[in-house]
Amino acid sequence: MFLLLGWWIPILAQAQQVQRITFEEALRLALRRNPAIQQAANERERSEVGLASARSNFLPDLSLSISGSRDYGRNFVMDEGRVVDQTTHYFSSGISANLNLFNGFRDLNSVAQARFQVAASELNYARQRETVLFNVISTFLSLIEAREQVRIQEENLAAQRALLEQIEAFVQVGSRPVADLYQQQAQVASAELELITPGATSNCRRRI
C-alpha cells in the first residue's frame with residue numbers, strides 16, 4: 001500500500017479544471033464526504049442516544065413545585081389598637097420522587113434492544129468505511145494497472161517501429177522479401193490501434 005502513495009489521480013473540479021490528489025488525500029476525502037459513511041455515523045449517534053434514553057428509565061422521576069401568593073387588605077392590629085393596610089406574602093414549595101421498581105422487564109428489554117442497535121450501528125459504520133476504502137484502493141490499483149498497460153503498449157509500438165525500419169532496410173538491399181515488410185507494417189498498425197483504441201488495455205491483458 002505504501003508504494004501507492006506516490007501515485008496521483010486526476011479528478012474533475014468545479015471549475016472544470018483537473019485537480020490532482022494523492023492516494024492518502026483520496027482516502028481522507030472518501031471517508032469524510034461519502035454519504036453512506038455519514039448516514040452510518042448518524043445512525044450510530046441515534047442508537048447511542050436511544051441507549052441513554054433507555055437507561056434513564058431506571059432513574060427516579062423527580063418533580064419540583066413552587067407556588068406563591070400575596071394577600072392585600074385592611075386588618076385590625078391588636079398591639080396598636082387600630083386598623084391598618086397590610087400586605088401578606090405566602091410561599092410554598094414541594095419535591096417528589098417516583099421510582100419504577102418493576103414493570104414486567106419492559107425497561108430491561110428496552111435497554112437490551114438499545115444495546116443491540118448500538119452494536120449493529122457500530123458494525124454497519126465499520127463496514128461502510130471498509131467498503132469505501134476498498135473502492136478507493138481498487139480504483140487506484142486499476143489506474144496503476146491501466147498506466148502500466150499503456151506503458152507496455154508504447155514500448156511494444158516502439159519495438160515494432162524499430163523492427164519495421166530494419167525490415168525496410170533489408171528489403172531495399174534484397175535480403176528480405178516484400179511480404180515481410182507488409183506483415184511488419186500490419187504489426188505496427190495493430191500496435192498503434194491498441195494504443196489509441198478504448199479497450200486496448202483489456203486486449204493487452206488477455207495476451208499477457
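User: By the definition used here, buried means under 20% relative accessible area, exposed means over 50%, and partly exposed lies in between. In this predicted model, is Leu 108 buried, exposed or partly exposed?

Analyst: Leu 108 is found in helix H3, which covers residues 106-173. Its relative accessibility is 44%. Because this value lies between the limits of 20% and 50%, Leu 108 counts as partly exposed.

User: Which residues form a nonpolar patch on the surface with Leu 108?

Analyst: The patch has about 300 Å² of accessible area in total. Leu 108 contributes to this patch from helix H3. Its partners there are Phe 58 and Phe 105.

User: What is the order of helices and strands in the protein chain from the N terminus on?

Analyst: The secondary structure comprises five helices and four strands. Read from the N terminus, the elements run β-β-α-α-β-β-α-α-α.

User: What span does helix H2 reach from its first C-alpha to its last?

Analyst: Helix H2 comprises residues 35-56, which is 22 residues. At 1.5 Å a residue, 32 Å is expected. The model is close to this expectation, with a span of 32 Å.

User: Why do the buried residues of H2 line one face of the helix, and within what arc do they fall?

Analyst: The buried residues of H2 are Ile 37, Ala 40, Ala 41, Ser 47, Leu 51 and Ala 54. Seen down the helix axis, they are confined to a limited range of directions and so line one face. That arc is 145 degrees.

User: Which exposed residues does the face of H2 turned away from its buried side carry, and which helices are included in what covers the buried residues?

Analyst: The face turned away from the buried side carries Pro 35, Gln 39, Arg 46 and Val 49, which are exposed. The cover over the buried residues of H2 includes helices H1 (23-33) and H3.

User: Which residues does Arg 161 touch, not counting residues up to four places away in sequence?

Analyst: Arg 161 is placed in helix H3 and is partly exposed, with a relative accessible area of 41%. Between Arg 161 and Ala 189 the C-alpha distance is 9.5 Å, although they are 28 residues apart in sequence. The residues that Arg 161 touches are Val 188 and Glu 192.

User: How much of the accessible area of the protein chain do carbon and sulfur atoms supply?

Analyst: The chain has 208 residues, of which 20% count as buried. It exposes about 15,500 Å². The share supplied by carbon and sulfur atoms is 56%.

Key
Residues numbered from 1 in each chain as written. Predicted model: local features only at pLDDT ≥ 70, side-chain atom pairs only at ≥ 80, totals over all residues. Heavy atoms only, no water. Patch = residues over 30% accessible without salt bridge, like charges linked within 9 Å, V, L, I, M, F, W, Y side chains within 5 Å. Areas by Shrake-Rupley, 256 points an atom, 1.4 Å probe, with all protein chains shown as cover. Salt bridge = Lys/Arg side-chain N within 4 Å of Asp/Glu carboxyl O. Helix = DSSP H or I, 4+ residues; strand = E, 2+ residues; numbered from the N terminus. Buried < 20%, exposed > 50% of the residue type's maximum accessible area, 1.4 Å probe, protein only. Expected span 1.5 Å × (residues − 1). Arc of directions from axis to C-beta. Contact = heavy atoms within 4.5 Å.
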